[in-house]
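Q: I am new to this structure and would like a close look at one small part of it. Please start there and then work outwards.
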Amino acid sequence: MYKLHLILKYLRKRRIAWWALAAVTLCTTMVLVVISVMSGWMQMFRTAYHGLEGDITISRVSVSGFPHYQEMLEKVRGLDGVRDGGAAMPVIKTYGLINVWGELQDGVQVEGVNLPLAQHIGNLVQGLQNQKPYLESRLPTLADAADKAAMQKAIDDFPSFDKPHGDDWYRAQMPNANTRKVNVANWPGIVLGYAIIGLKREKGGAIERPSFDLNSVWVHLTPLVPSSSGTPDLTNLPVQGFWLVDVSRTGVYQVDSKTAYVDFDLLQKLLQMDAQPYTQDGQQKFTSARANQIRINVKPGADLAAVAAKVKQVVDDIRNSYEGVETQLDPIRVETWEERQGSFLAAVEHEKVLLLFLFGIISLVAVFLIFCIFYMIVAEKTRDIGILKSIGASSGGVAMIFLGYGLVIGIIGGALGLMFGYLVIHNINAIHEWLGQQFHIVVWDPKTYLFDTIPNQISAENAIWIVSIAVVSSVLGATLPALRAARLQPVESLRWE
Amino acid sequence: MSRSDTVSPAKPARKTEVILQAQGLARRFQMGDATIDVLRHVDLALKSGEFVAIEGRSGSGKSTLLHIMGALDTCDGGSVLFDGENISTMPGWQRNQLRNESFGFIFQFYYLLPELNVLENTLLAPMVGHGVGDFMGNRGQLRQRAADLLEQLGLSHRLKHRPSHLSGGERQRVAIARALMNRPRILFADEPTGNLDNETGRQIMDVLEKLHRDQNQTIVMVTHDRGLAREADRVLVLRNGVLASAES
């Protein structure tokens with residue numbers, strides 16, 4: 001009875017117990033925040049990179065791409081394990097210069113994609129920010145019939161590169177173009193990574209709507225066109241005008257700040273990667289159209305490696321069926337997303353090892369801190385131990401007081417740490433923003449950490465582990481002092497100065 | 001085990017019965033290279049209901065003797081028999097039980113737990129002796145006994161006060177109440193007035209004498225004060241590690 005009574009009394013009356021409690025709470029909070037942010041970062045890293053290019057890719061590095069991609073697509077779509085509904089999509093990747101509204105000129109990665117297909121592969125379509133809800137909100141306000149029809153079509157066709165206004169509206173945006181006989185109404189739509197044009201994220205996570213009308217932004221794109229010899233003709237680069245139809249956010253800052261998306265067929269034509277006519281033996285023939293990449297999504301639960309092996313077989317068959325497909329320096333690669341992002345993922349795995357090491361040190365520090373505090377508590381209560389023993393308390397009973405004390409402090413400290421940790425992590429982006437505004441402290445630079453938000457999720461598994469470790473640490477920290485207290489002879493304790 | 005008997009009247013005792021006997025007790029302390037024989041050969045027979053005072057100068061070893069007889073310390077030679085049983089060779093749990101049920105201690109510096117109030121300090125001995133369920137089952141009776149004891153000692157208005165709010169005399173009376181709570185067969189008092197002024201010390205002595213006179217409480221008191229020692233039934237003097245009667 002006295003053990004329970006004294007544990008509760010010591011907790012309530014001893015100020016040093018509050019320090020021990022504060023130490024456990026802070027250590028738990030600190031570890032929870034660090035672990036949640038780091039493991040959240042690693043999870044985001046995997047999810048985001050997984051979402052960039054689908055589960056499996058067929059690709060070549062060269063901007064000139066590879067031929068016979070339609071045949072590959074057809075065969076791949078028929079493979080067992082590939083997700084139904086056209087979950088395989090050709091992509092063209094090249095580089096280009098953009099001129100946005102005459103105000104921003106930058107080099108970007110240009111991706112030619114088929115947006116309707118892209119909604120089944122990767123997270124590009126999920127990352128489109130404004131188009132549909134924005135257009136739906138604006139539709140009732142439009143007076144012009146052509147505008148209304150265009151906007152309705154853009155809504156119905158979503159996701160697409162459809163422009164949401166009528167021709168006259170676009171002409172009105174660039175009155176000078178009329179004098180230059182440029183029909184700006186014919187310019188197609190383009191999607192830019194949101195960070196290219198300096199948009200910021202709002203507190204809720206959505207991209208801010210700028211003060212200007214996004215749809216009125218024009219973009220001149222000058223893509224790098226590989227010639228038939230493979231060397232780009234820099235003196236004769238095409239310039240294509242576009243109207244901005246949306247901004248995208250994949251979550252990977254490097255991608256969102258450097259990627260422009262246009263329609264696949266359009267880019268293919270611009271880069272002359274579509275079927276080109278040629279004459280052979282007096283007959284006009286066509287070359288095979290080319291693409292840089294085929295992105296494939298597999299069925300949920302399918303064995304990625306097994307599907308990748310089947311895809312590889314398809315590629316090998318086509319490579320063996322046609323001449324000129326195989327190259328020595330730049331073969332067509334079939335890779336799972338983990339293989340493709342291998343160098344990044346390996347770096348993340350290294351981070352994980354480092355994290356475990358740091359966590360180990362933090363845990364040791366926490367145990368040592370608690371040990372020191374309990375050692376002080378026991379030293380301070382040595383005479384009490386003598387008093388208790390003089391009235392018949394056993395050594396085990398005395399040890400149990402301090403172990404129980406450690407246990408209760410561990411449980412309360414762990415619970416408080418969990419609560420504070422949750423509050424900090426849940427609001428970490430707001431706190432970070434506030435620190436930036438008030439003190440110009442920027443800890444999380446998206447350029448460094450790849451993502452524009454600090455991960456703010458606590459995994460239940462991590463929380464259980466960390467709180468358990470806090471409780472065990474408290475009991476461990478109290479064990480040696482408790483054993484010391486138990487071993488003391490009653491007379492020794494009573495004479496303690 | 002039901003402990004309802006703890007609130008039964010004091011156990012009757014006859015002065016002819018020897019309940020505690022020290023035989024050839026020796027105790028030495030190592031101080032650096034030197035060995036100090038504090039107790040050389042101490043013999044003592046304590047009869048039930050007797051009030052014995054052990055007198056001696058500071059450092060003469062009288063507290064050490066009291067601690068050994070009270071199972072708080074061990075001896076290097078000789079033995080202590082309680083009811084004929086050698087407590088020096090008893091296992092730890094039995095010595096703990098003895099200190100809880102049969103012995104009560106009063107110390108010069110009171111030794112109350114500062115976090116507990118007067119009532120809780122008094123209840124500490126039954127708390128140590130009972131499990132949670134057992135204590136809670138008898139809580140009403142135990143609290144009543146503690147309150148009665150404290151009332152007898154003039155502390156009924158101080159039940160909820162913590163030791164830091166009490167005077168020295170009040171603290172010592174709380175310590176006496178705590179020592180008496182489990183109806184000890186022997187009450188060991190180590191310089192019980194050593195930290196008090198004359199008048200307060202006198203009051204504490206009156207309490208001890210009353211206990212001895214009215215309830216036939218067996219008391220062993222050590223003191224350096226010859227005047228106080230003479231109030232006991234028998235006075236022994238510890239000198240050079242050997243115990244002798246005051247007259248010798």
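Where in chain A is A:Leu488 found? Please also describe its surroundings.

A: This is a predicted model. A:Leu488 sits in a loop of chain A. Helix H18 (460-487) lies on one side of that loop in sequence, and helix H19 (490-494) on the other.

A:Leu488 is partly exposed, because 18 other C-beta atoms lie within 10 Å. A residue needs 20 or more to be called buried.

Next, the contacts. Neighbours within four places in sequence are left aside here. A:Leu488 is then in contact with A:Thr382, A:Ile385 and A:Ser493. A:Gly386 is 102 residues away from A:Leu488 in sequence. In space, the two are 7.9 Å apart, C-alpha to C-alpha.

Now follow H18(A), one of the two helices that flank the loop. The axes of H18(A) and helix H13 (residues 342-380) of chain A come within 8 Å. They cross at roughly 35°, and the crossing is right-handed. From H13(A), the contact includes A:Ile370, A:Phe371 and A:Phe374. From H18(A), it includes A:Leu480, A:Pro481, A:Arg484 and A:Ala485. By class, this contact has 13 nonpolar, 4 polar and 1 charged residues.

Two of these H13(A) residues, A:Ile370 and A:Phe374, also touch A:Ala20. A:Ile373 and A:Ile409 touch A:Ala20 as well, with residues up to four places away in sequence not counted. A:Ala20 belongs to the largest nonpolar core, which has 124 residues. It is among the residues that touch the most other members, and so are A:Phe402 and B:Leu65. Another core, of 74 residues, lies apart from this one. Its members include A:Ile92 and A:Leu271.

On the other side of the loop is H19(A). Here the path leads to chain B. The contact between the chains takes 22 residues from chain A and 23 residues from chain B. On the chain A side, H19, helix H1 (2-13) and helix H14 (382-390) each supply at least two residues. H1(A) gives the largest share, 6 residues. By class, the chain A side has 11 nonpolar, 6 polar and 5 charged residues.

Last, the confidence scores. The model scores ipTM 0.88 and pTM 0.68. Chain B averages a pLDDT of 88, and 93% of its residues score at least 70. Over residues 1-13 of chain B, the pLDDT is below 50. That stretch still has 22 contacts in the model beyond near neighbours in sequence.

Notes: Residues are numbered from 1 along each chain as its sequence is written. Chains are lettered from A and ligands numbered from 1 in the order in which they are written. This is a predicted model: local features need pLDDT of at least 70, side-chain atom pairs count only at pLDDT 80 or more; totals for chains, interfaces and linings use all residues. Helices (H or I, at least four residues) and strands (E, at least two) are DSSP runs, numbered from the N terminus. A residue is buried if 20 or more other C-beta atoms lie within 10 Å of its own, exposed if 12 or fewer, and partly exposed in between; C-beta atoms are placed from the backbone. Two residues are in contact if their C-beta atoms, placed from the backbone, lie within 7 Å. pLDDT is the predictor's confidence in each residue, from 0 to 100. Ala, Val, Leu, Ile, Met, Phe, Trp, Tyr, Cys and Pro count as nonpolar, Asp, Glu, Lys and Arg as charged, and the others, Gly among them, as polar. Axes are lines fitted to C-alpha atoms, for helices over the stretch in contact, and angles run from 0 to 180 degrees between N-to-C directions. A crossing is left-handed if the near helix is turned anticlockwise from the far one by less than a right angle, and right-handed if clockwise. A nonpolar core is a set of buried Ala, Val, Leu, Ile, Met, Phe, Trp, Tyr and Cys residues joined through C-beta atoms within 7 Å.
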